[in-house]
Amino acid sequence: MPWAKAAFSASPNPDSAKNLRASRNVRPQEAAQRPSSENRRALLAEIGFLAADRNEWTQDGKNYVNGLFKMLHTEGSHPGLSDEDHSTFRLHVVLVTVRTFLRRLTYGR
């Protein structure tokens, strides 16, 4: 994995603060040149971190990552209070997604 080698050289302990700091450094120079978070997510797809074959990222915007962001912010960043069931659902989806991506950073694909 070209992204894994460039992004990560610490021990594979997902709870380590060192690992979390390293996760911010996936191609930092290239990421800094991207004007928006959408462009930086596209970079993650270009380097193979987000998988097109799993529909994690597609060029048309109809993918898991964009769908997750849209689902989390259906009415903007502060739409009011959600009911408990929907809040719990969103929390769990985000926790599973983040854990998957952090494990990918730690162990590679």
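Just after helix α4, Gly48 adopts a positive phi of about 90 degrees. This is a predicted model, and that glycine is a handy place to start reading it. A second residue with a positive phi is Asn55, at about 60 degrees, although Asn55 is not a glycine. Asn55 belongs to the loop between α4 and α5, and with a relative accessible area of 44% it is partly exposed.

**The overall layout**

Stepping back, the protein has six helices and zero strands. Read from the N terminus, the elements run α-α-α-α-α-α. Of the 109 residues, 31% count as buried. The accessible surface comes to about 7,600 Å², and carbon and sulfur atoms hold 55% of that area. If you look at contacts with a separation of 6 or more, residues 24 or more positions apart account for 50% of them.

**Helix α4 and the core**

Helix α4 covers residues 37-46, and its buried residues are Arg41, Ala42, Leu43 and Ala45. What do these buried residues pack against? Their partners are α3 (28-32) and α5 (64-72).

In soluble globular proteins, nonpolar side chains tend to be buried together. Here the largest nonpolar core has twelve residues: Val26, Ala31, Ala42, Leu43, Ala45, Ile47, Phe49, Leu50, Trp57, Val65, Phe101 and Leu105. Both α4 and α6 supply at least two residues each to this core, and the largest share, three residues, comes from α4.

**Salt bridges**

Side chains of opposite charge can pair when their charged atoms come close. How many salt bridges does a search of the whole structure find? It finds five. Three of these pairs are set out here, with their N to O distances.

| Pair | N to O distance |
|---|---|
| Arg27 and Glu30 | 3.4 Å |
| Arg34 and Glu46 | 2.8 Å |
| Arg41 and Glu38 | 3.0 Å |

The Arg34 and Glu46 salt bridge, at 2.8 Å, links distant parts of the chain: Arg34 sits in the loop between α3 and α4, Glu46 in helix α4, and the two are twelve residues apart. Glu46 is exposed, its relative accessible area being 52%.

In the Arg27 and Glu30 salt bridge, both partners have some exposure: Arg27 is partly exposed at a relative accessible area of 23%, and Glu30 is partly exposed at 33%.

The third pair lies within helix α4. Why are Arg41 and Glu38 separated by about one helical turn? Because they are three residues apart in that helix. An α-helix has 3.6 residues a turn, so residues three or four places apart point the same way. The two partners fall into separate accessibility classes: Arg41 is buried, with a relative accessible area of 16%, while Glu38 is partly exposed at 32%. Elsewhere, salt bridges that share partners join Arg54, Glu56 and Arg104 into one network.

**Rings and the charges over them**

The count of aromatic pairs comes to one. The ring centres of Phe49 and Phe101 are 5.8 Å apart and their planes meet at 50 degrees, so this pair is tilted. The pair also links distant parts of the chain, with Phe49 in the loop between α4 and α5 and Phe101 in helix α6 (residues 84-107), 52 residues apart. Are these two rings buried or exposed? Phe49 is buried, with a relative accessible area of 6%, and Phe101 is buried too, with 18%. Both phenylalanines also appear in the list of the largest nonpolar core.

Phe49 has a further neighbour: Arg104 lies over the face of its ring, 5.5 Å from the ring centre. Arg104 is thus placed over a ring and also takes part in the network with Arg54 and Glu56.

Arg41 offers a similar picture. Its charge lies over the face of Phe69, at 4.4 Å from the ring centre, and Arg41 also forms the salt bridge with Glu38. As a buried residue of α4, Arg41 is a good one to select when you look through the model, along with Phe69 and Glu38.

Methods:
Residues are numbered from 1 along each chain as its sequence is written. This is a predicted model: local features need pLDDT of at least 70, side-chain atom pairs count only at pLDDT 80 or more; totals for chains, interfaces and linings use all residues. Side-chain values use heavy atoms; hydrogens and water are left out. Buried means under 20% relative accessible area, exposed over 50%, partly exposed in between (1.4 Å probe, protein chains only). Helices (H or I, at least four residues) and strands (E, at least two) are DSSP runs, numbered from the N terminus. Contact means heavy atoms within 4.5 Å. A salt bridge is a side-chain nitrogen of Lys or Arg within 4 Å of a carboxyl oxygen of Asp or Glu. Rings of Phe, Tyr and Trp (its six-membered ring) pair if their centres lie within 6.5 Å; planes under 30 degrees apart count as stacked, over 60 as edge-to-face and the rest as tilted. A charge sits over a ring if NZ of Lys or CZ of Arg is within 6 Å of the ring centre and within 35 degrees of the ring normal. Accessible areas come from the Shrake-Rupley method with a 1.4 Å probe; for residues, only the protein chains shown count as cover. A nonpolar core is a set of buried Ala, Val, Leu, Ile, Met, Phe, Trp, Tyr and Cys residues joined through side-chain atoms within 4.5 Å.
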